[in-house]
Amino acid sequence: MAENTYDYIIAGGGMAGLSLAFHLNRSSLKNKKVLIIDRETKNQNDHTWCFWEKEESTFESIVYRKWNGVWFHGTNKFSEFLSLENYVYKMIRAVDFYEFVFSQIKGNSNFTFLQAEILAVENDVVKTNQGEFLANEFIFDSFTRKTYDDPNYQNLWQHFLGWMIETDEAKFNPNELTLFDFRVEQNDECRFAYILPITENKALIEFTVFSDNLLQHPEYEENLSRYITEILKISNYKIIETEHGVIPMSDEPHEEFPSEKTIRIGTPGGYVKASTGYSFQRTQRRLQRLVEDLENGKWKMENGKWKMWKNYLDSVLLNVLLTNKHSADDVFTQLFRNNKTSQVLKFLDEDTNLIEDLQIMRSVSMIPFSKAAFEIAVKKISASRK
């Protein structure tokens, strides 16, 4: 094989790219010559990924914390600790994930990691500041991002600032996660706080916004600081880690196969759940299926009509949030107050059937959602006729 030529090139060594490398290494394709390219060395704790599941995870050994129940603080004085029943909410730190994946693939001489700046992915070539690399079979592209600015679709951003703080006194119950705390100023947006307690004296606290515009960095800091001091009543604390992120929440279609030799994965492949921003479990599911398809040499397409229905539900919720047809804090309060938490999680995982979907839909205010459903239907019909 020629120099700078590989069977597979993974353009982007973030969660999706390294997850793909992990699953390839566990498959019959582990003898393929694979190049993973990323600008970072992937040895920093730069992300936190959370997800829920019933069984043990493939990454169970690196699950940093897990919880069986969550606090929800919503509208109309609804404030309850909710059981997850048969689900467990789990947290994985990026630094542990990176170390785990590299420990799995380091014994395979067919896998190479290159620290380089990716400049472009074009056809079967990845251009970097260290040269061009050719893929004989496929490029898996998590580098090429959409701008998410098409006015024909619902485009929001989930943006947040998180601080891992340490306190002198015991302020947290490490067994009780706060999933949503809407006791923050909404500013006609969807704003909430999120607490991942690690010990009685340490927790990751995030201030999160769903909106179509980003804030200035001091605004995140101000809101997060106010939440800690005014809502949690914590005056003395030390910030030991910081994370900031921007995640697309969009129903714009993603082109997974832009060329014969390119497959987009991760965010560019549409792996992020449009209505929530969650991606870890969806990424693992999609990549496991992708590796199976590569092994079999053919693509197993998802049920198109069922996928369209689930995407439609995402679009409706995004429309309600984007156009402020109903206050977001009350929408989520209705979801969690009127349904079992386990059923909401099942719905968000897209594991519910049609009857269960309709039951969930009936649990929220019908007028704003009916208006949104009609608007989205008209948009989709108009788009299909073009």
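A cavity here is a set of grid points where a 1.4 Å probe fits but cannot get out. Keep that in mind as you click around this predicted model.

**Stop 1: the cavities**

Scanning the whole structure turns up two cavities of 30 Å³ or more. Start with the largest, which holds about 100 Å³ of space. To see its walls, select C50, F51, W52, K273, T276, Y278, S279, F280, Q281, R282, L348 and D349. Colour by secondary structure and look for β3 (48–53) and α4 (280–296), since each of them gives at least two residues to this lining. Now colour by class: you get six nonpolar, three polar and three charged residues.

Next, hop to the second largest cavity, with a volume of about 60 Å³. Its selection is N45, T48, G162, M164, L204, E241, T242 and E243. Which strand gives the largest share of this lining? That's β16, with three residues. β12 (155–167) also chips in at least two. The class colours for this second lining come out as two nonpolar, four polar and two charged.

**Stop 2: salt bridges**

There are 25 salt bridges to choose from, so pick a few. Select K310 and D357: their closest N and O atoms are 2.8 Å apart. K310 belongs to helix α5 (residues 304–322) and D357 to helix α8, so this salt bridge ties together parts that are 47 residues apart in sequence. Are the two partners buried or exposed? K310 is buried at 5% relative accessible area, and D357 is buried too, at 0%.

Now try E252 with K146, a salt bridge whose closest N and O atoms sit 3.2 Å apart. You'll be looking at two loops: E252 is in the one between β16 and β17 (262–264), while K146 is in the one between β11 (131–141) and β12, so the pair links parts that are 106 residues apart in sequence. E252 counts as buried at 8% relative accessibility, whereas K146, at 29%, is partly exposed.

For another setting, select R39 and E40, whose side chains form a salt bridge at 3.8 Å, N to O. R39 is exposed at 53% relative accessibility, and E40 is partly exposed at 40%. Before moving on, show E53, E60, K66 and K90 together, as a network of salt bridges links them.

**Stop 3: a nonpolar patch**

Switch to a surface view and select W306, L354, L358 and M361, which make a nonpolar patch of about 330 Å². Helix α8 (residues 354–362) supplies the largest share of the patch, three residues. One to click on is L354, which lies in helix α8 and is partly exposed, with a relative accessible area of 43%.

Definitions and conventions
Residues numbered from 1 in each chain as written. Predicted model: local features only at pLDDT ≥ 70, side-chain atom pairs only at ≥ 80, totals over all residues. Heavy atoms only, no water. Patch = residues over 30% accessible without salt bridge, like charges linked within 9 Å, V, L, I, M, F, W, Y side chains within 5 Å. Areas by Shrake-Rupley, 256 points an atom, 1.4 Å probe, with all protein chains shown as cover. Salt bridge = Lys/Arg side-chain N within 4 Å of Asp/Glu carboxyl O. Helix = DSSP H or I, 4+ residues; strand = E, 2+ residues; numbered from the N terminus. Buried < 20%, exposed > 50% of the residue type's maximum accessible area, 1.4 Å probe, protein only. 1 Å grid on protein atoms, 1.4 Å probe; cavity = no way out; pocket = protein on both sides within 12 Å on 5 of 7 lines; lining within 4 Å. Points joined across faces, edges and corners; volume = space filled by probe spheres on them. Nonpolar A, V, L, I, M, F, W, Y, C, P; charged D, E, K, R; others polar.
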